[in-house]
Amino acid sequence: MTIYCISGLGADQRVFDKLSVKAELVHLEWIEPAANEDLKTYALRLAQKIDVSSPFCLLGVSFGGMIATEIGKALKAEKVILVSTAEIASELPLHYRALGKTQVSKLIPAKWYEMPKGMASFLFGTDQKELLGQILDDTDPNFTKWAIGALTTWDNQTRLSNSYKIHGSNDRMIPLGSNPADHVIKNAGHFMAYDQADEVSEVINRVLQDTSKL
């Protein structure tokens with residue numbers, strides 16, 4: 001089984017480095033977003049990288065989970081595993097959605113989207129400050145600007161029948177709150193795919209063996 005992995009905003013394939021999953025992990029590299037492209041349209045273009053001739057699963061973290069949700073609506077994945085993310089728009093924090101309604105993100109220069117590393121470490125809930133700093137340094141601020149605009153205006157209301165959500169109880173970026181999850185990892189933050197990789201891997205392997213959602 002191949003699992004196509006989609007990383008989050010402010011993260012890249014390194015977020016999956018510590019996972020030990022009984023499947024082949026293939027990271028989907030970001031593509032250049034088109035001007036004013038919404039999240040769904042972007043996801044469908046990214047999905048063209050997936051080999052649909054063989055069974056596959058999707059694994060999305062944070063922003064990548066929203067992309068995975070849209071791909072899962074369009075392609076027949078065996079499972080869609082969502083980590084530290086929202087599956088429908090109403091699961092996003094209210095202030096994200098309010099920001100989307102103002103369209104103010106379009107007016108902010110891209111360079112202003114470079115998050116201070118201390119703030120990022122707090123919001124991601126991780127002690128991996130050096131790694132997170134390296135990832136942030138490698139993140140294109142123009143992509144970040146587009147992604148924030150796409151995320152805050154995302155309007156999906158469709159849940160997938162074959163999705164499985166894993167969330168951390170201490171997630172500050174997308175708080176658990178009333179956000180339903182199939183498995184909650186105690187004391188885990190937004191960077192748990194890396195920080196709590198052993199438990200996340202265990203859950204993913206269990207989901208892969210479960211045939212109830214095939």
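This section describes the fold, the central sheet, the nonpolar core and two buried residues of a single protein chain.

The structure is a predicted model, in which local features require pLDDT of at least 70 and side-chain atom pairs are counted only at pLDDT 80 or more, whereas totals for chains, interfaces and linings use all residues. Residues are numbered from 1 along each chain as its sequence is written, and side-chain values use heavy atoms, with hydrogens and water left out.

The protein chain contains 8 helices and 6 strands, these being DSSP runs numbered from the N terminus (helices, H or I, at least four residues; strands, E, at least two). Along the sequence, the elements follow the pattern β-β-α-β-α-β-α-α-α-α-β-β-α-α. Of the 214 residues, 53% are buried, where buried denotes under 20% relative accessible area, exposed over 50%, and partly exposed the range in between (1.4 Å probe, protein chains only). The chain exposes about 10,300 Å², of which carbon and sulfur atoms supply 51%; accessible areas were obtained by the Shrake-Rupley method with a 1.4 Å probe, and for residues only the protein chains shown count as cover. Among contacts (heavy atoms within 4.5 Å) with a separation of 6 or more, 63% involve residues 24 or more positions apart.

The strands form an open sheet of 6 strands in the order 2-1-3-4-5-6, with parallel pairing. Strand 2 (24–27) and strand 6 occupy the edges, each with a single partner strand, so one side of each lacks a neighbour in the sheet. From one strand to the next, the twist averages 20°. Two strands are taken to pair if DSSP finds at least two bridges between them. Strands 3 and 4 run parallel and are joined by 4 bridges, with V61 having V83 of strand 4 as its bridge partner. Strands 5 and 6, also parallel, are joined by 3 bridges, and I166 stands opposite H183 in strand 6. Strand 4 is covered on both faces, with V80 and L82 buried on one side and I81 and V83 buried on the other.

The largest nonpolar core comprises 63 residues, and those with the most contacts inside it are L58, L59, F63, I67 and I166. Such a core is a set of buried Ala, Val, Leu, Ile, Met, Phe, Trp, Tyr and Cys residues joined through side-chain atoms within 4.5 Å. Beyond its neighbours within four places in sequence, L58 contacts residues including I3, Y4, I50, V80 and I81.

Helix 8 lies across strand 1 (2–6), strand 3 (56–61), strand 4 (80–83), strand 5 and strand 6, and runs at about 170° to strand 6; axes are lines fitted to C-alpha atoms, for helices over the stretch in contact, and angles run from 0 to 180 degrees between N-to-C directions. N205 belongs to this helix (residues 197–209) and counts as buried because its relative accessibility is 11%. Apart from neighbours within four places in sequence, N205 contacts S20, V21 and K22. A polar atom of the N205 side chain lies 3.1 Å from the backbone oxygen of S20.

L176 is located in the loop between strand 5 (163–168) and strand 6 (183–185). With a relative accessibility of 18%, L176 also counts as buried. Its contacts outside the neighbours within four places in sequence are H167, G168, S169, D171, A181 and V184. L176 and L92 are separated by 84 residues in sequence and by 9.6 Å in space, C-alpha to C-alpha.

Methods:
Polar contact = N/O pair within 3.5 Å; in protein donor to acceptor, adjacent residues only side chain to side chain.
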